[in-house]
Amino acid sequence: MKRITFSICILLTMLSCKQSTPEQSLNEDTTKTRDYAASLDTGKGVINNTNSPHVKLKSIDIGDCRWTEGFWAEKWKVAEETMIPHMGEILKGDIGHGYNNFKIAAGLKEGEHKGFWWHDGDFYKWMEAKMYIYGVNKDEKIVEEIDEIIDVIAQAQQADGYLSTPAIIREDIEPFTNRKYHELYNSGHLMTSACIHYRLTGKTNFLDIAVKHADYLYKIFSPKPDHLKRFGFNQTQIMGLVELYRTTKDKRYLELAEQFINMRGTYKIEDDETTLGYPIGDMVQERVPLREETESVGHAVLALYFYAGAADVYAETGEKELIDALERLWDNVTNKKNVHYGSHWSNPLWPFFSS
C-alpha cells in the first residue's frame with residue numbers, strides 16, 4: 001500500500017467517487033453502527049460462551065471472581081502495579097515503537113515502521129491485558145488511556161477496513177501479498193481485544209473498528225480467492241472472529257472462522273509468492289486437513305492457536321468431526337508431546353512440538 005499523508009487522505013475522502021454528501025455518509029455509518037449495537041450480547045466473560053450451545057462449562061463475568069490473598073493475589077498485584085504498566089511504557093515509547101507505528105500509519109507522526117510484523121497484534125494484547133486489570137480495579141484512568149489509543153487506531157484504519165501498520169506505512173508492502181507479514185494474527189488480537197473492551201466498558205468505539213475490519217475480511221476471504229487460500233496459518237483470527245460473532249451475533253463471522261479451518265490442507269505444499277520467506281508444510285499445520293489430523297506437528301504456538309479456534313467453532317456448531325479431531329490431538333499433545341518441564345515445546349527456548 002502506497003504511503004499517503006493524512007492531509008491527502010482527507011482530500012481523497014472529500015473527492016470520493018461515491019455520489020453522496022459527507023452528511024449522507026455520516027448518517028449511513030451511524031445507522032450501521034446503531035444497527036449492530038442494538039443486538040450486542042451482554043455477556044462479560046473472557047470467553048463469552050454463555051449462549052454457546054455445545055459448551056458445558058460456561059465462563060463467568062470478568063471480575064466476578066478474584067484472588068484476595070496468597071500466591072496468585074500477589075502475582076495479580078505485580079501485574080497490576082508493575083508488569084503491565086512497564087509493558088505500556090515500552091510499547092508506547094520509542095524503544096517498543098508499537099504505539100508509534102499506529103501514529104505513523106494515522107499520519108500523526110513522521111517515521112518508519114519498526115518491530116516484528118506481528119507487533120500490532122502484541123500491542124492489542126497489551127491493551128486487552130490492561131482492560132482485564134480495569135475489570136477488577138475499576139480505575140477510570142485506564143479507560144481514558146485506552147480510549148486515547150483507540151482514537152489513534154481508528155485514524156490508522158483504512159477506509160475499506162484494512163488495518164495492519166506495516167503495509168500502511170511501508171511503500172514496498174501491499175495488503176495480503178505474503179503471509180509472513182502476519183496480518184491475520186494482528187486481526188485476531190484486534191477483534192478479541194475490542195470485544196473485551198466492549199464487555200468491560202459498554203463502549204463500541206473499539207468494537208466499531210473491529211467490526212469494520214471483520215467486514216473487510218469477510219469481503220475479501222469469503223469468495224475463497226486462490227491467492228488467499230494459504231493465509232490463515234497463525235490462527236488467532238479464528239478465535240477473534242468467533243468472539244466477535246458471540247458479541248455481535250453476526251453469523252458471517254462464524255462462517256468465516258470455519259472457512260479458515262476448512263481451507264487448511266486442501267492445496268499442494270510448495271512455495272508460492274504468498275509463502276516466500278516463511279516455512280511451509282507441517283511447520284504451519286497446512287499439510288493435512290484438521291478433521292483428518294492425528295498428530296500435533298510443527299510450531300506449537302501456531303498449532304495451539306489453531307486448535308483453540310477450532311474448539312471455539314465447535315462450541316457454536318457442535319460438529320462431531322471437529323471435536324473428534326480435537327480429542328485425538330489433545331491425546332497426542334498431552335500423552336506424546338509433553339516433556340519433563342511441562343511444556344509442549346521440544347526445547348524451553350524453541351517453540352516446536354517434541355517428537
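1. Overall composition. The protein chain contains 13 helices and 2 strands. The model is a predicted one, and the remarks below should be read accordingly. Of the 355 residues in the chain, 48% count as buried. Among contacts with a separation of 6 or more, 67% join residues that are 24 or more positions apart. The accessible surface amounts to about 18000 Å², and carbon and sulfur atoms contribute 55% of that area.

2. Helix H6, geometry. Helix H6 covers residues 140-156, and its 17 residues should span 24 Å at 1.5 Å a residue. The end C-alpha atoms of H6 lie 25 Å apart, in agreement with that expectation. At the start of the helix, a side-chain oxygen of Asp-139 comes to within 3.0 Å of the backbone nitrogen of Lys-141.

3. Helix H6, packing. The buried residues of H6 are Ile-142, Val-143, Ile-146, Asp-147, Ile-149, Ile-150, Val-152, Ile-153 and Ala-156. An acidic residue, Asp-147, is thus listed beside the isoleucines and valines. The partners against which these buried residues pack are helix H4 (98-105), helix H5 (119-137), helix H7 (165-169), helix H8 (183-201) and helix H9 (205-221).

4. Helix H10. Helix H10 runs over residues 236-248 and has 13 residues. From the first C-alpha to the last, H10 reaches 18 Å, close to the 18 Å expected at 1.5 Å a residue. As for cover, 13 of its 13 residues are buried. Just after the helix, Lys-249 adopts a positive phi of about 65 degrees.

5. His-189. This residue belongs to helix H8. His-189 has a relative accessible area of 8%, so it counts as buried, the limit being under 20%. Beyond its neighbours within four places in sequence, His-189 is in contact with Gly-121, Tyr-124, Lys-125, Thr-236 and Tyr-305. One of these partners, Tyr-124, is also a member of the aromatic cluster described in point 7.

6. The loop between H7 and H8. Most residues other than glycine have a negative phi. Two residues in this loop merit inspection in that light: Phe-176 and His-182. Phi of Phe-176 is near 50 degrees, a positive value, and that of His-182 is near 60 degrees, again positive. Phe-176 is buried because its relative accessible area is 4%, below the 20% limit. His-182 is buried as well, with a relative accessible area of 3%.

7. Aromatic residues. The model contains 18 aromatic pairs. One of them joins Phe-71 and Trp-72 in an edge-to-face arrangement, with 5.0 Å from centre to centre and 85 degrees between the planes. Tyr-99, Phe-102, Phe-123, Tyr-124, Trp-126 and Phe-206 together form one aromatic cluster.

8. Charges over rings. Which ring lies beneath the charged end of Arg-179? The ring is that of Phe-233, with the charged end 5.2 Å from its centre. The charged end of Arg-252 sits over the ring of Tyr-218, with a distance of 5.2 Å to the ring centre.

Key: Residues numbered from 1 in each chain as written. Predicted model: local features only at pLDDT ≥ 70, side-chain atom pairs only at ≥ 80, totals over all residues. Heavy atoms only, no water. Phe/Tyr/Trp six-rings, centres within 6.5 Å; stacked < 30°, edge-to-face > 60°. Lys NZ or Arg CZ within 6 Å of the ring centre and 35° of its normal. Helix = DSSP H or I, 4+ residues; strand = E, 2+ residues; numbered from the N terminus. Expected span 1.5 Å × (residues − 1). Buried < 20%, exposed > 50% of the residue type's maximum accessible area, 1.4 Å probe, protein only. Contact = heavy atoms within 4.5 Å. Polar contact = N/O pair within 3.5 Å; in protein donor to acceptor, adjacent residues only side chain to side chain. Areas by Shrake-Rupley, 256 points an atom, 1.4 Å probe, with all protein chains shown as cover.
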